[in-house]
Amino acid sequence: MHGRVRPVLLKYWSDKDEDMKIYGPLPNRVSRQMSYVQHMKSSKFCICPMGYEVNSPRIVEAIYNECVPVIIADNFVLPFDDILNWSEFSVVVAEKDIPKLKDILMAIPLRRPGGDALCDGKFMVDGLMEVRSGPGVAGAKCRDP
């Protein structure tokens, strides 16, 4: 297990809630249905817990796979924070808030502040990346560009 955060994530969320797909190693029952990359691509949020390393490749993988990185780390300086406004395209969660992780993520609106609706199951996060939407948005209408 990498670092102190993952055991806490597993304690609170592993096999506890169908909406929260938190695993140690990807279980065979999951990997038989979809690959690691497919799993990330099908998720709106990708959990990026702090490990022992200074940085995690999972943050880059999340962005590359169009998934909002959920960075769980205390006292962590995000890369290029002097030029990137991480709050525009990621979520940072304090380690003490792991038990409230689902509530925190569910509170993030599925609409942009300007009121743009979900389009084809995706929406833009401040123009930087597309993010998959959750269930119940099939009837969303979108404006033409």
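**Results: a parallel sheet and its surroundings**

At a relative accessibility of 42%, R29 counts as partly exposed, because buried is reserved for residues under 20% and exposed for those over 50%. The structure described here is a predicted model, and R29 is found within helix 2, which covers residues 28–31. When neighbours within four places in sequence are left aside, the contacts of R29 are with D15 and Y23. With D15 there is a polar contact between the side chains, at 2.8 Å. D15 itself comes just after helix 1, where its backbone takes a positive phi of about 55°.

Y23, the other contact of R29, has its place in the loop that runs between helix 1 (5–13) and helix 2. Its relative accessible area is 23%, so Y23 is likewise classed as partly exposed. Apart from neighbours within four places in sequence, Y23 is in contact with L10, R29, V30 and H39. The C-alpha atoms of Y23 and L9 are separated by 8.7 Å, although the two residues lie 14 places apart along the chain.

Both L9 and L10 belong to the buried residues of helix 1, which are V5, R6, L9, L10 and W13. Seen down the helix axis, these buried residues fall within an arc of 130°, and they therefore line one face of helix 1. The elements against which they pack are strand 1, helix 4 (57–64), strand 2 and helix 5 (101–106). Helix 1 lies across strand 1 and strand 2, and its direction makes an angle of about 135° with strand 1. Helix 4 also lies across strand 1 and strand 2, but runs at about 170° to strand 1.

The strands form an open sheet of three, arranged in the order 1-2-3 with parallel pairing. Strand 1 and strand 3 are the edge strands, since each of them pairs on one side only. From one strand to the next, the twist averages 25°. In general, the strands of a sheet pair through backbone hydrogen bonds, in either a parallel or an antiparallel sense.

Strand 2 (residues 68–72) is joined to strand 1 (residues 45–49) by parallel pairing over five bridges, and within this pairing I47 stands opposite V70. Strand 2 also runs parallel to strand 3 (residues 91–93), to which three bridges join it; here the partner of I72 is V93. Five of the five residues of strand 2 are buried, so this strand is largely enclosed by the rest of the structure. In a regular strand, side chains alternate between the two faces of the sheet. In strand 2, V68, V70 and I72 point one way while P69 and I71 point the other way, and all of them are buried.

A search of the whole structure for aromatic pairs finds one, which is formed by W86 and F89. A pair of this kind is described by the distance between the ring centres and the angle between the ring planes. For W86 and F89 the centres are 4.9 Å apart and the planes lie at 40°, and the pair is accordingly classed as tilted, a term for angles that are neither under 30 degrees nor over 60. Both partners are buried: W86 has a relative accessibility of 8%, and F89 has a relative accessible area of 6%.

Technical notes
Residues are numbered from 1 along each chain as its sequence is written. This is a predicted model: local features need pLDDT of at least 70, side-chain atom pairs count only at pLDDT 80 or more; totals for chains, interfaces and linings use all residues. Side-chain values use heavy atoms; hydrogens and water are left out. Helices (H or I, at least four residues) and strands (E, at least two) are DSSP runs, numbered from the N terminus. Buried means under 20% relative accessible area, exposed over 50%, partly exposed in between (1.4 Å probe, protein chains only). Contact means heavy atoms within 4.5 Å. A polar contact is a pair of N or O atoms within 3.5 Å; within protein, one must be able to donate a hydrogen and the other to accept it, and residues adjacent in sequence count only if both atoms are side-chain atoms. Two strands pair if DSSP finds at least two bridges between them. The arc is that of the directions from the helix axis to the C-beta atoms. Rings of Phe, Tyr and Trp (its six-membered ring) pair if their centres lie within 6.5 Å; planes under 30 degrees apart count as stacked, over 60 as edge-to-face and the rest as tilted. Axes are lines fitted to C-alpha atoms, for helices over the stretch in contact, and angles run from 0 to 180 degrees between N-to-C directions.
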